[in-house]
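Subject: Handing over the structure

Hi there,

Could you take a look at the structure below when you have a moment? My notes on what I found follow it.

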Amino acid sequence: MDLKQLRDNLLGVQDRIAAAARKAARKKDEVTLIGVSKTQPAEAIRTAYEAGLRHFGENRVQEWEGKRAALGDLQATWHLVGHLQSNKAARAAGLFHSVDSLDDLVLAQRLSRARDGQNGERKLRVLLEVRVEEEESKSGVKPEAAAGLVEKVSALSHLELAGLMCIPPFLKDAEQVRPYFRRLRDLRDALSRTLGRDFTVLSMGMSHDFEVAIEEGATEVRVGTAIFGSRTAK
Ligand SMILES: *Cc1c(COP(=O)(O)O)cnc(C)c1O
């Protein structure tokens, strides 16, 4: 994709974010755009960076290891948004600024231990991925188990738990996804109340439903195809 096309896409997404924020009486700066660049080549990431994008999400440790060498000069924030196996935790802790898909205590412990002494002692930001639908096979912690995990993760000295993330079911009509977004926000509010601390981040909303997510309080949206175009099957 050429620079012009990508810039147009990015401007279009930024306009949609601003419009959704306005509709919800929120400020557009309350919403951080994360460009999900999985399957896209390093050049596409550089092009998006040149067009102004500063947050990127990748879903696989190995894929990002292959691309990052070509992008080391970019002052961007790199998020891992995909499921992380605990045997890759140490690598991920050194490669990303944020792991947005934490859903397991052993994984959290490994990330914290690996971060010890790395990256100038800066804590690794993490988000707890919550399973907002019933289906057992999906990743994410169950809502009823979230409070327990939040307390345990908060006790780990090299992680900074900033909030919650969810991947709701893909439903064509974005309006149908709204209850899932609302569930995540309600859970975040309940956790903040019962644990007496502010969890500010709500990472929710993708290309086809991020406007609804913003109306429901998203502070970060993860947008892939609407910026980079369709992903070619691997
Ligand atoms: C791929 C992906 C996205 C982006 O999806 P699009 O529909 O292309 O916007 C967002 N979040 C996660 C976790 C993803 O894996």
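Let me start with Thr39, which counts as partly exposed because its relative accessibility is 26% (under 20% is buried, over 50% is exposed and anything in between is partly exposed, using a 1.4 Å probe and the protein chains only). You will find Thr39 in the loop between strand 1 and helix 2, residues 42-50 (helices are DSSP runs of H or I with at least four residues, strands are runs of E with at least two, and both are numbered from the N terminus). The backbone of Thr39 is worth a look too: its phi is positive, at about 70°, although Thr39 is not a glycine.

Before you go further, please keep in mind that this is a predicted model, where local features need pLDDT of at least 70 and side-chain atom pairs count only at pLDDT 80 or more, while totals for chains, interfaces and linings use all residues. Residues are numbered from 1 along each chain as its sequence is written, and side-chain values use heavy atoms, with hydrogens and water left out.

Where else does a residue that is not a glycine have a positive phi? Have a look at Ala25, where phi is about 55°. Most residues other than glycine have a negative phi, so a positive value deserves a second glance. Ala25 belongs to the loop that runs between helix 1 (3-23) and strand 1 (32-36). With a relative accessibility of 74%, Ala25 is classed as exposed.

Now to the ligand. Which residues surround it? They are Val36, Lys38, Val81, Ile167, Met206, Ser207, Arg222, Val223, Gly224, Thr225 and Arg231 (a residue is listed if one of its heavy atoms lies within 4 Å of the molecule). This shell is made up of five nonpolar, three polar and three charged residues (Ala, Val, Leu, Ile, Met, Phe, Trp, Tyr, Cys and Pro count as nonpolar, Asp, Glu, Lys and Arg as charged, and the others, Gly among them, as polar).

Some members of the shell bring a polar atom up to an oxygen atom of the ligand. For Ser207, a polar side-chain atom is 2.5 Å from a ligand oxygen. Thr225 takes part through its backbone, with a polar atom 2.9 Å from an oxygen of the ligand. Arg231 uses its side chain, where a polar atom lies 2.8 Å from a ligand oxygen. How much of the ligand's accessible area does the protein cover? Of the 380 Å² that the ligand has on its own, 88% is covered (areas come from the Shrake-Rupley method with a 1.4 Å probe).

Helix 7 is a good next stop; it spans residues 178-195. Arg178 is found in this helix, and its relative accessibility of 14% means that it counts as buried. What does the side chain of Arg178 touch? It makes a polar contact of 2.4 Å with the side chain of Glu175, and another of 2.8 Å with the side chain of Glu216 (a polar contact is a pair of N or O atoms within 3.5 Å; within protein, one must be able to donate a hydrogen and the other to accept it, and residues adjacent in sequence count only if both atoms are side-chain atoms).

Helix 7 also holds Leu187, which is buried at a relative accessible area of 15%. The C-alpha atom of Leu187 is 8.6 Å from that of Ala146, although the two are 41 residues apart along the chain. Arg188 lies in helix 7 as well, and it is buried because its relative accessible area is 14%. The side chain of Arg188 reaches the backbone oxygen of Thr200 at 3.2 Å. Is Thr200 buried or exposed? Thr200 is exposed, at 51%, and it sits in the loop between helix 7 and strand 7 (201-203).

Two more loop residues to finish. Phe96, between helix 4 (89-95) and strand 4 (98-102), is buried with a relative accessibility of 2%. The C-alpha atoms of Phe96 and Trp64 are 9.3 Å apart, with their positions 32 residues apart along the chain. Arg131 has its place between strand 5 (124-129) and helix 6 (143-154), and it is buried at 12%.

Happy exploring!

Best wishes
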